[in-house]
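Subject: Structure handover

Hi,

Here is the structure for you to look through. My notes on what turned up follow below it.

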Amino acid sequence: PGRGPTGRDLLLTVRHEAGEEGLARTVLKFHVNKEVEERIVDDLVRHGFYGFQPQNIILSSEPNLQGYTVEAPGQLVLDEESPRFPYNHGYATMRLGWAGEAYTLDAQGGKHRLTESALMNLLARQVVLMPTNRVNDMDRLTPEMVLDLDALALSLYLFEREGANMTTDLV
């Protein structure tokens, strides 16, 4: 209680459930707040990427942006005085399709920008399942919920038996 999941929690969960081969094949995609991006990169390098392969960790820098106000029905205007925040799930999901937005790291922390979109990179790697969680989704801030195996099992069942191509967990 009171402690969020760590890279080590994810490492141990994947290693326990999928073994070393699964750990080597796991691809992680992080949208990181621009204000803490360098601290996150430094942490990954300092901890040896928590056992994951550096080339399998894809990052995108998420800007903090201002909000909008409604001037008239159907008319949005940028609110210059609003606080700046990351734009949430939808914006991050949309950015998966933008070419040149994401990068990987080498073992020393050097950035290697992807020329294609993160989504096309994931498809080229034959990634077929991508759970998404915001770090500040409060029910995810326990080590047990880093990888929700019951939700994963249900999703796999729906994909394989019911023909689903996406599942959503609303929090």
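Start with strand E5 (102-105). Ala102 and Thr104 point one way from E5, Tyr103 and Leu105 the other way, and all are buried (under 20% relative accessible area; exposed is over 50%, partly exposed in between; 1.4 Å probe, protein chains only). In a regular strand, side chains alternate between the two faces of the sheet.

Some ground rules. This is a predicted model, where local features need pLDDT of at least 70 and side-chain atom pairs count only at pLDDT 80 or more, while totals for chains, interfaces and linings use all residues. Residues are numbered from 1 along each chain as its sequence is written, and side-chain values use heavy atoms, leaving out hydrogens and water. Helices (H or I, at least four residues) and strands (E, at least two) are DSSP runs, numbered from the N terminus.

Now the partners of E5. Strands count as paired if DSSP finds at least two bridges between them. Strand E2 (residues 57-62) runs antiparallel to E5, joined by three bridges. Here serine 60 stands opposite alanine 102. Strand E6 (residues 111-113) also pairs with E5 over three bridges, in the antiparallel sense. Threonine 104 faces histidine 112 in that pair. The E5-E6 hairpin has five residues between its strands, and glycine 109 takes a positive phi near 95°.

Next, the sheet. Its four strands come in the order E1-E2-E5-E6; the sheet is open and the pairing is mixed. Strand E1 (28-33) and E6 stand at the edges with a single partner strand each, so one side of each has no neighbour in the sheet. On average, neighbouring strands are turned by 35° against each other, direction ignored (axes are lines fitted to C-alpha atoms, for helices over the stretch in contact; angles run from 0 to 180 degrees between N-to-C directions).

What lies in the core? A nonpolar core is a set of buried Ala, Val, Leu, Ile, Met, Phe, Trp, Tyr and Cys residues joined through side-chain atoms within 4.5 Å. The largest has 13 residues, and those touching the most other members include Phe49, Leu59, Tyr103 and Leu105. Helix H1 (7-25), E1, helix H2 (37-46), E2 and E5 each supply at least two residues of this core. Apart from it lies another core, of six residues, among them Ile58, Ala102, Ala118 and Leu122.

Just before E5 comes glutamate 101, in the loop that follows helix H3 (88-95). Is glutamate 101 buried or exposed? Neither: glutamate 101 is partly exposed, at 23% relative accessible area. Leaving aside neighbours within four places in sequence, glutamate 101 is in contact (heavy atoms within 4.5 Å) with Leu59, Ser60, Arg95 and Arg113. The C-alpha atoms of glutamate 101 and alanine 118 are 7.5 Å apart, with the two positions 17 residues apart along the chain counted as their separation.

Finally, the whole protein. There are five helices and six strands, in the pattern α-β-α-β-β-β-α-β-β-α-α. Of the 171 residues, 27% count as buried.

Best wishes
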